[in-house]
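Here is a quick tour for anyone meeting this model for the first time. Have a look at the structure below, then read on.

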Amino acid sequence: MDASFSFGFIGLGVEQQDKNTLNHEYGHKVQLNNKGLGRYISEVAVPSLTINILERKGKLPYFISGFDMVVL
């Protein structure tokens with residue numbers, strides 16, 4: 001499993017070392033700074049991790065982009 005993450009610092013997966021991924025993860029770093037740790041964990045980190053796990057297991061029947069969810 002190759003994954004990138006941001007939690008005060010940015011970690012890029014081997015196969016995800018591109019400008020788009022870096023910008024996406026940097027956006028999470030900015031969210032952490034703006035929201036504070038508690039709100040960031042509950043509003044961004046937990047939903048993001050949950051969605052990532054469900055997508056990788058093929059159990060998410062939605063296309064998710066930002067805050068929008070569209071049933072396929």
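## What α1 packs against

Let's start in the middle of things: the buried residues of helix α1 pack against β1 (5-6), β2 (10-11) and α2. Keep in mind that this is a predicted model.

Which residues of α1 are buried? They are T21, E25, H28 and L32. These four cover an arc of only 45 degrees around the axis, which puts them on the same side of α1. The general rule behind this is that an α-helix has 3.6 residues a turn, so residues three or four places apart point the same way. Turn to the face of α1 that looks away from the buried side, and you'll find the exposed residues K19, N20, N33 and N34.

## The length and ends of α1

Helix α1 runs over residues 19-35, which makes 17 residues. At 1.5 Å a residue it should span 24 Å, and its end C-alpha atoms are indeed 24 Å apart, so the two values agree.

What caps the N-terminal end of α1? That job falls to D18, with a side-chain oxygen 3.1 Å from the backbone nitrogen of N20. Past the other end, just after α1, G36 takes a positive phi of about 85 degrees.

## A closer look at H28

H28 sits in helix α1. Is H28 buried or exposed? Its relative accessibility is 12%, and the cut-off for buried is under 20%, so H28 counts as buried.

As for its company, the side chain of H28 makes a polar contact with the side chain of H24, at 3.1 Å. If you set aside neighbours within four places in sequence, H28 is in contact with S6, Y40, V44 and S48.

## Y26, on the same helix

Y26 also has its place in α1. With a relative accessible area of 48%, Y26 is partly exposed. In sequence, Y26 and F5 are 21 residues apart, while in space they are 9.4 Å apart, C-alpha to C-alpha.

## The bend in α2

Now for the partner helix. Where does α2 bend? Helix α2 covers residues 37-56 and bends by about 30 degrees at A45. A proline, P47, follows within four residues of that bend.

Just after α2 comes G58, which has a positive phi of about 70 degrees.

Key
Residues are numbered from 1 along each chain as its sequence is written. This is a predicted model: local features need pLDDT of at least 70, side-chain atom pairs count only at pLDDT 80 or more; totals for chains, interfaces and linings use all residues. Side-chain values use heavy atoms; hydrogens and water are left out. The bend at a residue is the angle between axes fitted to the seven residues ending there and the seven starting there. Helices (H or I, at least four residues) and strands (E, at least two) are DSSP runs, numbered from the N terminus. The expected span of a helix is 1.5 Å times one less than its number of residues. Buried means under 20% relative accessible area, exposed over 50%, partly exposed in between (1.4 Å probe, protein chains only). The arc is that of the directions from the helix axis to the C-beta atoms. Contact means heavy atoms within 4.5 Å. A polar contact is a pair of N or O atoms within 3.5 Å; within protein, one must be able to donate a hydrogen and the other to accept it, and residues adjacent in sequence count only if both atoms are side-chain atoms.
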